[in-house]
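Here is a short set of exercises to work through with the model open in your viewer. Try each task before reading its solution.

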Amino acid sequence: MSAQNPVVPQDERDFRLDWSARLMFVAILSSIFLAAMDQTVVSTALPTIARDLHGLAKLPWIVTAYLLTSTVCLPVYGKLGDLLGRKYLLQSAVLLFLAGSALSGIAQNIDELILFRALQGIGGGGLLVTAIASISDFIPVTQRGRYQGLVGAAFGLATLIGPFLGGFMVETLSWRWIFYINVPIGVFALLVIGAAFPKPLRTAEWIMDVWGTVLLITGLSAMVLFASVAGPVLAWNAPVLWLLLALGLGSFAGFFLFERHHPQPLLPLAFFRFRTFTLSVTLSFFVGVAMLGSISFLPIYLQDVRHYSPTMSGLELLYLLIGMLAMSILAGRRISYKQRYREFPILGALLITLALAWLSRLGEQTPMWHIDGALVLLGLGLGMTMQVLVLSAQLAIPHRHLGVATSTVTLFRSMGGTLGVAAFGAVFSGLMAGVASSAEHAVMIVQTLRTDFLIAASFSLAAFVGAWFLEDMPGLLKKRQDNDALQ
């Protein structure tokens, strides 16, 4: 071990992937690309699907079904990956995703499509969390920032390509091809995973946390459904809505009770005693609220106030994705070089806050370069935070629980986005109620978006404050070395 840097071994500073590790990384990027691209491709085709299947009233459930199942399965994939190894689990997720994709492509009515999208979501959630956690199995912790930055870039690139690919297929082929296109990509990922990933080692005997799994899935399902139907589907005074909330909160209470006594809990509550782990998942929740809760409604402004076409409004979001793509790569390389990451979530949360505060001054005639500049700034901030918070959570707990760490951060970010969209949607619907004339409509859209952006900025400001209390990489690695020495 070098005297200049007691944390980073010499061989890790000169780390390079060999051919088998490169093949594994290609498989991981393919899996993440597959799951990330699907959402934007499908969103582009939703109006055409609704017309073809005569299901306009149930259209939101095409997205909600996928969101629900992909969210609730995250903790299960994380735990099983730690216990059983990630090769076969990742292959299973790809197969489920491909099955859901193929069946969605041949769906004959909207109900079938919703059901098959739910199946696809079970695979999609596993693709993301298992692929990201797999990086930790063959890349040293001190070099992980660089490669997780590339993961963030792949995610951004897939999001960037999705709308164009979806629009092209809908216009030239059929909306069914937005699902069929997943098959060749998935088969490629499946073959590469089989060839590159080593066979998992036999693990010690384990006991499945059945009650914890059931309670957590029930609680998450109830909360996602509550967030998805509150306001636009069910009135706020509907008894069913509050029964869902009660079911969700009651299930969470039972989950925490059972987890305290299970010998191998689905989510060890002791992890929340680690300050950096708790901060990482909390900040991820805040970032999810700020990002999805605010940006989801920007296309309404562009189309209804500025009279952009759906395609052109989608193109405006490229500024956000370009900023996120570039910064994910740069931040990852910088972290691996400096062996420090804490500055990135601090600066990233500040940039997100400034960007959202800038957007809160939106007007009917705001110059587009102002909006584009704010989106670039927002993308840079997100590129500094999203994957870095995954890294900080992984560093904070023992290596054997990396799957749980990864899935927990992803889960909190997803729940933050879901609840953020629901809450801001409720604000939007409430303030827009009773608007009659088109002139009032445009004015009210601007006013409600200003409110939403200000609320989102307050969440990102909370993330900025919390980021100052994160421990940096040298301290976390020193604690890990001490723990290993004690064992």
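**Exercise 1. Is Ser-101 buried or exposed, and what does its side chain meet?**

Solution. Keep in mind throughout that this is a predicted model.

Step 1: begin with accessibility. Ser-101 has a relative accessible area of 0%. Buried means under 20%, so Ser-101 counts as buried.

Step 2: place the residue. Ser-101 belongs to helix α5, which covers residues 87-105.

Step 3: list its contacts. With neighbours within four places in sequence set aside, Ser-101 touches Gln-120, Phe-179 and Asn-182.

Step 4: look for polar contacts. The side chains of Ser-101 and Gln-120 make one, at 2.9 Å.

**Exercise 2. Compare the span of helix α16 with the expected value, then find which of its residues are buried.**

Solution.

Step 1: helix α16 runs over residues 343-359 and has 17 residues.

Step 2: the expected span is 1.5 Å times one less than the number of residues, which gives 24 Å for α16.

Step 3: from its first C-alpha to its last, α16 reaches 24 Å, close to that expectation.

Step 4: now check burial. The buried residues of α16 include Phe-344, Pro-345, Ile-346, Leu-351 and Ile-352. Gly-348, Ala-349, Thr-353, Ala-355, Leu-356 and Leu-359 are buried too.

**Exercise 3. Describe the lining of the largest cavity and of the second largest cavity.**

Solution.

Step 1: count the cavities. The structure has five of 30 Å³ or more.

Step 2: take the largest cavity, with a volume of about 60 Å³. Helices α7 (144-172), α15 (318-338) and α17 (368-396) each give at least two residues to its lining. Among the lining residues are Gly-145, Gln-148, Ser-328, Ala-331, Gln-387 and Leu-391. By class, the lining has four nonpolar, seven polar and no charged residues.

Step 3: turn to the second largest cavity, of about 40 Å³. Pro-75, Leu-266, Leu-267, Val-404, Ser-407, Thr-408 and Leu-411 line it. Helix α18 (residues 402-432) supplies the largest share, four residues. Here the classes are five nonpolar, two polar and no charged.

**Exercise 4. Which residues lie nearest the centre of the second largest pocket, and how does its lining divide by class?**

Solution.

Step 1: the second largest pocket has a volume of about 580 Å³.

Step 2: of its 24 lining residues, Gly-81, Asp-82, Gly-85, Arg-86 and Asp-137 lie nearest the centre.

Step 3: helix α4 (residues 74-84) provides the largest share of the lining, five residues.

Step 4: the lining divides into ten nonpolar, seven polar and seven charged residues.

Conventions
Residues numbered from 1 in each chain as written. Predicted model: local features only at pLDDT ≥ 70, side-chain atom pairs only at ≥ 80, totals over all residues. Heavy atoms only, no water. Buried < 20%, exposed > 50% of the residue type's maximum accessible area, 1.4 Å probe, protein only. Polar contact = N/O pair within 3.5 Å; in protein donor to acceptor, adjacent residues only side chain to side chain. Contact = heavy atoms within 4.5 Å. 1 Å grid on protein atoms, 1.4 Å probe; cavity = no way out; pocket = protein on both sides within 12 Å on 5 of 7 lines; lining within 4 Å. Points joined across faces, edges and corners; volume = space filled by probe spheres on them. Nonpolar A, V, L, I, M, F, W, Y, C, P; charged D, E, K, R; others polar.
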